[in-house]
Structure formats: C-alpha cells, structure tokens
Amino acid sequence: MPEPYDVITMGRIGVDLYPLDIGVPLARVETFGKFLGGSPTNVAVAAARLGRRTAVITRTGRDAFGEYLHQELQGFGVDDRWVTEVEEYPTPVTFCEIFPPDDFPLHFYRQPKAPDLEIHPPELDLDAVRDARIFWMTGTGLSAEPSRAATLTALQARSESARSESARSESARSGSARSESPAREFRTATVFDLDWRPMFWDGGDHSSVAPARYREALAHATVAVGNIDECEIATGEREPHAAARALLAAGVELAVVKQGPKGVLAVHRDGSTADVEPLPVEVVNGLGAGDAFGGALCHGLLAGWDIARIMRYANAAGAIVASRIACSSAMPFPDEVERALAEGAVTEDIAAGPPGAAS
C-alpha cells in the first residue's frame, strides 16, 4: 500500500499577479510578479515547506498558465498528480492591490467558470483521500456544481472511514481480533477552511444557500478554521467564543476562530482552549497569512502538539508571510518560524527571507 499523504488539499488554484509597487492603485501599477495562487493550494505549499508530504486536488485550464502552475507545484514539492486540465475554461488569474497595513483588495478573473469548480466525484481517488492524515477543503468548493458534490463525496468518504475505524477500535477493545488498516491509524483531521468569498456565490453576501451548505459540510469535518465573517456565515455568530461553541455544536472537534490583530481563539471539544495574541510584524501584504497559518496548523496537528503551541506556531508562520509581498513563494521554512518565535516578532532579517529568496 502506498504511503499516505500527510496533507491533501482540494479546491482553488490560479495565477496571482501581485504588484511590485506598494501603495499604488491597480490602474497605475506598472510591474507585477507572477505567483502560484489559490488558498488550498497555498496551504499545501505551506505544509510542504514545513517538511510534510502534500498533494492538491484541483483543475486548471489547458493553457500556458496551467503549465506554469504544474511547474510551480513540482518546484515546491507538492504532488500534482490530481491537477487535471479543463478544455472549456481558462486558468484563473487574480490581481491584488497592496495598501499596508490592512487594505489588500482582490480582483478575481474566474469567468465564465473556474476550472477548479469542475472537479467531478468519479475523478476522485477516494482511497488516497481516506488515507491522508489530513484532508483540507474550503467553502468555495461548495459554491457550485460539480465541485460541491465532489467535495461532499470526499468528506463523506472520510466520515464513513472514521466510523468504520471507531467500530473496529471498539471491537478490538472488547477482545475481538484487530483488523485496522495501518495507513488509517495516522489520519489526524478533516479540516474545513470556511473560506467565505461572497463573489463566488449566487446572491453574494446575501446568499440563501451558503449557510445550509456550510452546515452540511461541518457535519463531516473534525476541524473548522475561519475568521469572524466566515464564522458568521457558518454559524450565525460573530462573537468569537459563541462562534467557537456553535462550530463545536455543528460537529467539529476543534474550532479555530481567527481575529486578525486580536489574535486567534482555539477551542477543543475536550474543553481545552487557547487564546493567542498575534506576533508583532510590519505588514507588507496580508493576503497569504491565512494560508501559511493553515499549513502550520496542519504541521502542528500532525506533530501532536497541544493547541496553544499549534496556535503560536501558526500565528508566527502567518506573520512571516504578511511581512512579504508574495504568498506561495513566501511560505516560511521551519527555522524561520522558530526564529520568529524566539525573537517574539518578525524582524527585518526574517522578513527578508533566506539569501536569494523571493519576498
């Protein structure tokens, strides 16, 4: 049996075209950098940078930008075997504007439809999805068919496998012969990144279907991660502790509520909590911070750390990326995260990255 992946993510991919001019409106920007983009894809990159074996399930157009994304994934050490082409639609492009410390408008070009929303259930390698130690999906994947059906199929496969394991474990404890699959002993989490992007949903901020689709997915997840706005879509709650309790009530074991400059709150079903302040940083571009946080969250879960340590580590990873222009290529290595934690801040030399690195 093949070795299971540490992390498999599923969902958006595209090309990020970020201005190399900071504080300049898009209409006046003259120079752009081209980067791999898409939140779940960046999470896979972030986890790979931290030494984890990762893969992504997504689709691109059959075009030069699609070829570029394959090259980047391979360069980052992310398995691209489940990144397939769609003939009908171009690879998406996303522009941003950079106005530090907290204004980073995004401009998505995903029309008439993004290829990553054309993932079909029969195309999924469900054995790999079941066996992955962490499976990571996003709210955007629920916004349109057939992606929604494929995402729910993957989640249901994880849930069914977990129930089977639980039954086998109970049987073993009662004296019956043990028959667990060794690969499945390693599974750690099914993560729902709430990832609320109203422009991808019919009705936008007033979508009538999004909350129900979020609740359906939460029933299969063990970890939920989102900011206050995303938690409100999923639960109707904006107060962090109330949102965390509502996420736990919806079925997850660990609720992670990101609060921007107020830090992050994590609450586990076992009663343990962590309320962690952000790491001081001079923000350049905050757009990739959440993806770095996600990759580090996966890393900490796989390492078996307590939730306070995981949150501190993930906060540091996110802060480092916020100190840099890019997203994917800015994801930190373990020594950079440890240095930031030891310094108690993201210093200028950490922000600059290793010699020769793109920032």
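**A four-strand sheet and a helix crossing**

Let me begin with one pair of strands: strand E2, residues 14-19, and strand E7, residues 93-96, run in the parallel sense and are joined over three bridges. Within that pairing, Leu 17 has Phe 95 of E7 as its bridge partner. I should say at once that this is a predicted model, and that what I describe is computed from it.

Stepping back from that pair, the sheet is an open one of four strands, taken in the order E3-E2-E7-E8, and its pairing is mixed. Its edges are formed by strand E3, residues 32-37, and strand E8, residues 106-109, each of which pairs on one side only. If we ignore direction, neighbouring strands here are turned against each other by 25° on average. Across E2, E3 and E7 lies helix H2, which spans residues 64-76 and runs at about 70° to E3.

Now to the helices H1 and H8. How closely do their axes come, and at what angle do they cross? The axes of helix H1, residues 39-49, and helix H8, residues 289-303, come within 7 Å and cross at roughly 50°. Because the class of oblique takes in angles that are neither under 35 degrees, nor over 145, nor from 65 to 115, H1 is oblique to H8. The crossing of these two helices is right-handed.

As for the residues involved, Ser 39, Asn 42, Val 43, Ala 46 and Ala 47 on the H1 side meet Asp 291, Ala 292, Gly 294 and Gly 295 on the H8 side. Sorted by class, that contact comprises four nonpolar residues, four polar ones and one charged one.

How values were computed. Residues are numbered from 1 along each chain as its sequence is written. This is a predicted model: local features need pLDDT of at least 70, side-chain atom pairs count only at pLDDT 80 or more; totals for chains, interfaces and linings use all residues. Side-chain values use heavy atoms; hydrogens and water are left out. Two strands pair if DSSP finds at least two bridges between them. Axes are lines fitted to C-alpha atoms, for helices over the stretch in contact, and angles run from 0 to 180 degrees between N-to-C directions. Contact means heavy atoms within 4.5 Å. A crossing is left-handed if the near helix is turned anticlockwise from the far one by less than a right angle, and right-handed if clockwise. Ala, Val, Leu, Ile, Met, Phe, Trp, Tyr, Cys and Pro count as nonpolar, Asp, Glu, Lys and Arg as charged, and the others, Gly among them, as polar.
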